[in-house]
Amino acid sequence: MFNELNYLKSLFFLTAIPIIYFGYLTWFFAWHFKNTKGVAYFGKSQSERKQFKTKVVKYGSLARPFLQKIGPKISKPNFFSICYNGMYAPLESCSPKSIKKAVRYKPNKNDLFVATQMKCGTTWMQQIVYEILSRGNGDLSDIGHKHLYAMSPWIESFKSVRIKNAPLIGKKGVKIIKTHLPASLCPYNEKAKYIYVTRHPVSCYISSNDFMNAIAGPLSPRNPEALSWFCSDRMWFDSWPNHVEGYWQWAQTRSNVYFIHFEELKHDLSESIRKIAVFLDCELTENEVLLITYKCGFDYMKEHEEYFEMSTPTLFSQEQTFFKSGSVTRYTSVRTEERNQIAQYCKEKLTHAKYPLSKFYPDIYT
């Protein structure tokens, strides 16, 4: 009888503990989702966002060891992806429903789209156009718009201000809309305006890796899997070559599309600001250009990183910075064999394309 009782107790603990733990994990992720959806996080004050980060660490303390344990086993990009009409996107910030809603959106003359493949200068360009439209007086502090994503909707994601609630910026009342959607899915209207930013593909690759490591830690993919993923159509929001080619074709035939390279911005930010201001029909004084250049510089944005967080806090992002270096030669830090694989992939994908890869990134061919 005694042994039987001990057996039943052991059986109870062996079954109850996993059930309780699974319940805890379910509660934690549901709590995190609820408090990061829309502007639940980005609409908070700076002090409230700091408090929430502390809660993430506290409430998720029992989840972290488990995720670190299983991370290497499930750290595959496809495991954390959703698919919409052949395009893959991160499960953490997008859903088929949110993408479908974005694709069906009807733009108007007050909409300005900042389009990029991920980690090619999205946040930078959002800040640039925000300051241009605000004539250097953009305010993302608690007494202003609070955060970039409380001001600028990420159209295909459920983690930013909704378009219908987004503030109108500048005298013309413009909505600054972020998107990573490829041209084939991006909602288009000839009355709206579009700015597309691209970056050296190898720099895009390593910056994407850094970002994934910062927010997902042990759950992020490791090489060679990350490299194979980048060099495929399963890359989130489509491959770099497909993405660039689609918007390049738009820019060649549509006057409301402005195509610019990250490297051009780095080479002469003030001159780029002047050109973008012309595209936006916004006349700036030289003093305004100087102020905007300062507030869109790497040092300013890194110093005020709380305005520009590119992701809601996770268990692994607490001590991370999303501003690494902003270097135009970031690609040189990647191993030669990896650079060669990306170069070969891009050359093959763009063999018959209109985008002049050799003109903008001649090192790809050396």
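This is a short talk on a sheet, the helices beside it and the cysteines in one structure.

Hi everyone. Before we start, please keep in mind that what you see above is a predicted model.

Let's begin with the sheet. In what order do the strands of the open sheet come? There are 4 of them, arranged S4-S3-S5-S6, and their pairing is parallel. If you go looking for the edges, you will find strand S4, residues 175–179, and strand S6, residues 257–261. Each of these two has a single partner strand, so one side of each has no neighbour in the sheet. From one strand to the next, the twist averages 20°.

Now let's zoom in on one pair. Strand S3, which covers residues 111–116, runs parallel to S4, and 5 bridges join the two. If you would like a spot to click on, try Val114, which stands opposite Lys178 in S4.

Next, what packs on this sheet? One helix that does is H5, which touches S3, S4, S6 and also strand S5, residues 193–198. The direction of H5 makes about 155° with that of S3. Helix H9, residues 240–253, packs on the sheet too, with contacts to S3, S4, S5 and S6. For H9, the angle to the direction of S6 is about 135°.

Let's stay with H5 for a moment, because it also meets another helix. H5 spans residues 122–133, and its partner here is helix H11, residues 269–279. Their axes come within 10 Å and cross at roughly 65°, and the crossing is right-handed. Which residues make the contact? On the H5 side they are Trp124, Met125, Ile128, Val129 and Ile132. H11 brings in Leu269, Ile273, Ile276 and Ala277. Sorted by class, the contact has 9 nonpolar residues, no polar ones and no charged ones.

Last topic: the cysteines. How many disulfides are there? The count is 0. Why is Cys83 not bonded to another cysteine? The closest cysteine sulfur, in Cys94, is 12 Å from the sulfur of Cys83, and that is too far for a bond, because a disulfide needs the two sulfurs within 2.5 Å. Cys282 is in no disulfide either, and its nearest cysteine sulfur, the one in Cys296, is 12 Å away.

And here is one more thing to check: is each of these two buried or partly exposed? Cys83 is partly exposed, with a relative accessible area of 39%, while Cys282 is buried, at 14%.

That's my tour. Thanks for listening!

Methods:
Residues are numbered from 1 along each chain as its sequence is written. This is a predicted model: local features need pLDDT of at least 70, side-chain atom pairs count only at pLDDT 80 or more; totals for chains, interfaces and linings use all residues. Side-chain values use heavy atoms; hydrogens and water are left out. Axes are lines fitted to C-alpha atoms, for helices over the stretch in contact, and angles run from 0 to 180 degrees between N-to-C directions. A crossing is left-handed if the near helix is turned anticlockwise from the far one by less than a right angle, and right-handed if clockwise. Contact means heavy atoms within 4.5 Å. Ala, Val, Leu, Ile, Met, Phe, Trp, Tyr, Cys and Pro count as nonpolar, Asp, Glu, Lys and Arg as charged, and the others, Gly among them, as polar. Buried means under 20% relative accessible area, exposed over 50%, partly exposed in between (1.4 Å probe, protein chains only). Two strands pair if DSSP finds at least two bridges between them.
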